[in-house]
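User: I've got a new model open on my screen and I'd like to talk it through. Can you take my questions one at a time?

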Amino acid sequence: MNTVSKLLLPLALAAAVTACSKPAETTAPEAAPAATATAPAEAAPEVAAIEVASGTYTLDPTHTDVLAQWSHFGFSNPSAHFGKAEGTLVYDAADIGKSSVEVTLPLSGLNSFTAKFDEHLRSADFFDAAKFPVATFKSTKVEVAGTNKLTVTGDLTIKDITKPVVLDVTVNGGGEHPMLKVPSVGFDASTTIKRSDFGVGAYAPNVGDEVKIRITTEASIPKAEEAKAE
């Protein structure tokens, strides 16, 4: 080996060692993807207003139900149905404030699905049905409360005691009845009353004084009345 080779060899070895000891280049981390903007939630579609023809409607007792529910010592929430409802609804589509409703509830239609309890409810402890055979409701004011919503204020009479109540009403449908072929309308309504206000407060407050009332009903314009309207 000549002198030049001897001098270059240490330099080459030093360069190799230096190269091996140099840390490997690190790869730069990928940039995080830009956050995508959340699309705004779509607005709920507007509810279409249900058209109800003006006229005098007769309640359909076979599709009208008044359900009362209360607390029994906090253990259960029994209910009773008041069927066989009779009544009329005057609807003025041009001026809702001129609309009105009158309903009679014969206590003979009361049904708790337990015969013994029905007898107790009709007794003097509660409705005293022999002396006061019906309950009635007569509206005093009808107001629009939103699309297909009404507020109906009226007088409820039970055991000859009359108190004002307010019904929150939803119009379920309106138009020609597919079977009867006459203008018809359907409603749901709800309110809460204190039974002691009407002389039916036995066992309160252990048996709940507040009674939730839910109503569903259909009514139609009789064909004779429809002919008169035409």
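Analyst: Happy to, and let's start with a term: a pocket here is an open set of grid points where a 1.4 Å probe fits, with protein on both sides within 12 Å along at least five of seven lines. Its volume is the space filled by probe spheres set on those points. Keep in mind that this is a predicted model.

User: How much space lies in the largest pocket?

Analyst: Its lining takes in 50 residues, and V66, L105, L156, I213 and I215 are the ones that lie nearest the centre. With the probe spheres filled in, the space comes to about 920 Å³.

User: Which strand gives the most to the lining of that largest pocket?

Analyst: By class, the lining has 39 nonpolar, eight polar and three charged residues. Six of the lining residues come from a single strand, residues 210–220, and that top contributor is β11.

User: What is the volume of the second largest pocket, and which elements give two or more residues to its lining?

Analyst: The volume is about 180 Å³. Its lining has 14 residues, with I50, Y91, I96, N148 and L150 nearest the centre. The elements that supply two or more of the lining residues are β7 (134–146) and β8 (149–158).

User: How do the lining residues of the second largest pocket divide by class?

Analyst: Sorting them into three classes, you get two charged and three polar residues. The rest of the split is the nonpolar class, with nine.

User: How many helices and strands are there, and what pattern does the chain follow?

Analyst: The chain has three helices and 11 strands. Read along the sequence, they come in the order α-β-β-β-β-β-β-α-β-β-β-β-β-α.

User: Which residues have the most contacts inside the largest nonpolar core?

Analyst: Nonpolar side chains tend to be buried together in soluble globular proteins. In this chain of 230 residues, 33% are buried. The largest nonpolar core has 44 residues, and the ones with the most contacts inside it are Y57, F82, F127 and V185.

User: What is F127 in contact with, leaving aside its neighbours within four places in sequence?

Analyst: Contact means heavy atoms within 4.5 Å. On that basis, the partners of F127 are F82, L107, L110, L121, R122, F132, I158, K159 and V200.

User: How many aromatic pairs are there, and what angle lies between the planes of W70 and F117?

Analyst: The count comes to three aromatic pairs. W70 and F117 sit 6.3 Å apart, centre to centre, and their pair is tilted, with the planes at 50 degrees.

User: Why does that pair tie together separate parts of the sequence?

Analyst: W70 is buried at 11% relative accessible area, while F117 is partly exposed at 27%. W70 lies in the loop between β2 (65–69) and β3 (79–82) and F117 is in helix α2 (residues 115–122), so the pair links parts of the sequence separated by 47 residues.

User: And how far apart, centre to centre, are F126 and Y203?

Analyst: F126 is buried at 8% relative accessibility, and Y203 is partly exposed at 48%. F126 lies in the loop between α2 and β7 and Y203 in the loop between β10 (183–194) and β11, so their pair joins parts 77 residues apart in sequence. The pair is tilted, and its centre-to-centre distance is 6.0 Å.

User: Last one: is T157 buried or exposed?

Analyst: T157 is found in strand β8, and its C-alpha atom is 7.7 Å from that of F198, 41 residues away along the chain. Buried means under 20% relative accessible area. T157 has 18%, so T157 counts as buried.

Terms used:
Residues numbered from 1 in each chain as written. Predicted model: local features only at pLDDT ≥ 70, side-chain atom pairs only at ≥ 80, totals over all residues. Heavy atoms only, no water. Core = buried A, V, L, I, M, F, W, Y, C linked by side-chain atoms within 4.5 Å. Buried < 20%, exposed > 50% of the residue type's maximum accessible area, 1.4 Å probe, protein only. 1 Å grid on protein atoms, 1.4 Å probe; cavity = no way out; pocket = protein on both sides within 12 Å on 5 of 7 lines; lining within 4 Å. Helix = DSSP H or I, 4+ residues; strand = E, 2+ residues; numbered from the N terminus. Nonpolar A, V, L, I, M, F, W, Y, C, P; charged D, E, K, R; others polar. Phe/Tyr/Trp six-rings, centres within 6.5 Å; stacked < 30°, edge-to-face > 60°.
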